[in-house]
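Trainee: I am new to this structure, and I would like some help reading it. Could we go through it together?

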Amino acid sequence: MKKTTFPAFLSTALLIYCFWLLITGQIVAIFQGRASWEVLVAGALVSGFVSLFTARFFIHRNAFYLLAPKRFFSLLAYVFVFLWELTKANVDVAFRALNPKLPVNPGIVKVPADVKAEYGLSMLANSITLTPGTITMDIADENGKTNYYIHWINVKETDPAKAGDAIKGTMEKWIRRIWD
Amino acid sequence: MRIAIDILIACSVFFAFAGVVGMLRMPDSFCRMQSSTNIATFGVLGVIIGGFLYALTVLHDTSMAVKIAVLGVFYIVTNPIAGHAIAKAAYRHGVRPEKDMTIDKYGEDLEQND
């Protein structure tokens, strides 16, 4: 287990404190000038205490990695890229389910992942699971290369590289831009 | 604005309906999970965005709107992990599709490693 470094502690605490402000509604109260200082101080204490124990699970590299402008704006752009992919897949699966003939052709394909960073790998896997029609079942290392096993509702390609292009679409390019 | 909110919620109801129909009609448990993702993404996102806009423009309650948005973010971030865990556990436990799959790389590789 890695040790907790101070930047890791600080970034985790800040993130937790942001969510505290959002969920308690204090962020709105601050702008309206009626924030209660008890809630703010209690949140700071709790988030500091919690991140003492959890920082080492979250941060393994540079703590303020995502705050580089290029990565941050790639992340924002990725939200829209992902929403577009989500829309296409949703419409496809919805009409597949409502089609009287029920055109499904399920199978599990093996697909290479060309992302190096750990966070990027899990983000791509989660994006694939979240689009209807594909579920990531496992990630395995094989001879230094990372592979996903993906359950696909309509198998068009069985070749790993071509299936990868069909499933991942433009998402992988953007994730590489964010994390690598 | 009310019309836009109504359209959003109607869209999400349509996708939730399609997801339920899919869950009932699909041939095996993995395909059913695919269909349930339909409900989990657009079925929920439409309601969340609709509720966000409703709280913001009709109720004028900004803190409620912020809470709804945070809820949506948490939902989107945590949901796929559950889906992945269910699919993997089902496969490893021995659940197999009734209809033959076109290709099953996962099963082949699992057998090789055993």
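Mentor: Gladly; we will look at the contact between the chains and then at a strand. Keep in mind that this is a predicted model.

Trainee: How many residues does each chain bring to the contact?

Mentor: Chain B gives 45 residues and chain A gives 46 residues. Together, the two chains bury about 3,800 Å², with 71% of that on carbon and sulfur atoms.

Trainee: How many salt bridges cross the interface of chain B and chain A?

Mentor: For a salt bridge, look for a side-chain nitrogen of Lys or Arg within 4 Å of a carboxyl oxygen of Asp or Glu. Here the rule finds two between chain B and chain A. A:Asp138 and B:Lys88 form a salt bridge through their side chains, at 3.4 Å from N to O. Polar contacts between the chains come to ten residue pairs.

Trainee: Which elements of chain B give two or more residues to the side that touches chain A?

Mentor: They are α1 (2-25), α2 (29-58), α3 (62-93) and α4 (105-113) of chain B. The largest share, 17 residues, belongs to α3(B). Sorted by class, this side of chain B has 24 nonpolar, twelve polar and nine charged residues.

Trainee: Now the strand. Why is β1 of chain A largely enclosed by the rest of the structure?

Mentor: Buried means under 20% relative accessible area. Strand β1 of chain A (residues 107-113) is largely enclosed because six of its seven residues are buried.

Trainee: Which strand does β1(A) pair with, and in what sense?

Mentor: β1(A) pairs with β3 (residues 145-152) of chain A in the antiparallel sense, over seven bridges. To find the place, look for A:Lys110, which stands opposite A:Tyr149 in β3(A).

Notes: Residues numbered from 1 in each chain as written. Chains lettered and ligands numbered in written order. Predicted model: local features only at pLDDT ≥ 70, side-chain atom pairs only at ≥ 80, totals over all residues. Heavy atoms only, no water. Contact = heavy atoms within 4.5 Å. Buried area = accessible area lost by both parts, 1.4 Å probe. Polar contact = N/O pair within 3.5 Å; in protein donor to acceptor, adjacent residues only side chain to side chain. Helix = DSSP H or I, 4+ residues; strand = E, 2+ residues; numbered from the N terminus. Nonpolar A, V, L, I, M, F, W, Y, C, P; charged D, E, K, R; others polar. Buried < 20%, exposed > 50% of the residue type's maximum accessible area, 1.4 Å probe, protein only. Pairing = 2+ DSSP bridges.
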